[in-house]
Amino acid sequence: MKIKSSKKLVGIIMGSKSDWKTMIHCSDTLKKFGIKHDVKVISAHRTPARLHKFLRDAKKNKIEIIIAGAGGAAHLAGVAASITTLPVLGIPIESKLKGLDSLLSTVQMPSGIPVGTLAIGKAGAINAALLAVSILATRYDNIHNKLQVYRKNFEKKVPKRPF
Ligand code: RP5
């Protein structure tokens, strides 16, 4: 399938402006694949109305994947997943407890409403974008081609010897 060049495919949300230093890596990774995305500060507990509106609009605007980063009692991804049927990827942001609280809050969803949780912090932010790319690559040939090139180059970057 072909995508319109202006079409946003991914919605990135984060609980606070303070999460941007981590979430920027998610946005930058999507940019490397030329994937247009929306970026918003939305908190499940501070701005619940904004969350509902964003997810309603996301569905209307045919956004295909939601990526949610939050720290502490990090329920943003879980609440988002409970409101929308779009796939939700969760990024636990590093916190006062080094992100362990965020990780458990994001990953430990009771059965019924899934969140695809990635690693804590920057690695998770990058991998959430790459996982979104993989999901979109099943539908869009041009994204699939870019992903193949990325993987080929990625392997080349790993040194054969440790010295
Ligand atoms: C969460 O609380 C946010 O996702 C953020 O990671 C954390 C701290 O937020 P601030 O106090 O920096 O706004 O809701």
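Which helix holds both Asp57 and Lys60, and how many residues apart do they lie? The legends below, drawn from a predicted model, begin with that pair.

**View 1. A salt bridge within helix H2 links Asp57 and Lys60.** Both residues belong to H2 (residues 48-60) and lie 3 residues apart, about one turn of the helix. Their closest N and O atoms are 3.6 Å apart. Asp57 is partly exposed at 22% relative accessibility, while Lys60, at 63%, is exposed.

**View 2. Glu64 and Arg139 form a salt bridge between two loops.** Here the closest N and O atoms are 2.2 Å apart. Glu64 sits in the loop between H2 and E3, and Arg139 in the loop between H5 and H6, so this pair ties together parts that are 75 residues apart in sequence. Glu64 is buried, with a relative accessible area of 14%; Arg139 is partly exposed at 31%.

**View 3. Lys8, Asp38 and Lys40 share a network of salt bridges.** Between Lys40 and Asp38, the closest N and O atoms are 3.3 Å apart. Lys40 is partly exposed, with a relative accessible area of 35%, whereas Asp38 counts as buried at 17%. The structure holds 5 salt bridges.

**View 4. Strand E4 is mostly covered and pairs with E3 and E5.** Have a look along E4: 6 of its 6 residues are buried. Val88, Gly90 and Pro92 point one way, and Leu89, Ile91 and Ile93 the other. E3 and E4 run parallel and are joined by 6 bridges, with Ala70 opposite Pro92. The chain gets from E3 to E4 through helix H3 (residues 76-83), in a right-handed β-α-β crossover. With E5 (residues 116-117), E4 pairs in the parallel sense over 2 bridges, and Leu89 has Gly116 as its bridge partner. Helix H4 (residues 100-107) completes a right-handed β-α-β unit with E4 and E5.

**View 5. The largest nonpolar core has 26 residues.** Val10, Ile35 and Ile67 have the most contacts inside this core. Among the elements giving two or more residues to it are strand E1 (10-14), helix H1 (20-32) and helix H6 (141-156); H5 provides the largest share, 8 residues. Beyond its neighbours within four places in sequence, Ile35 is in contact with Leu9, Val10, Leu30, Val133, Leu136 and Ile143. A second, separate core of 19 residues includes Ile63, Ala68, Ala80 and Ala81. In soluble globular proteins, nonpolar side chains tend to be buried together.

Terms used. Residues numbered from 1 in each chain as written. Predicted model: local features only at pLDDT ≥ 70, side-chain atom pairs only at ≥ 80, totals over all residues. Heavy atoms only, no water. Core = buried A, V, L, I, M, F, W, Y, C linked by side-chain atoms within 4.5 Å. Buried < 20%, exposed > 50% of the residue type's maximum accessible area, 1.4 Å probe, protein only. Helix = DSSP H or I, 4+ residues; strand = E, 2+ residues; numbered from the N terminus. Contact = heavy atoms within 4.5 Å. Pairing = 2+ DSSP bridges. Right-handed = clockwise from strand over helix to strand, strands pointing away. Salt bridge = Lys/Arg side-chain N within 4 Å of Asp/Glu carboxyl O.
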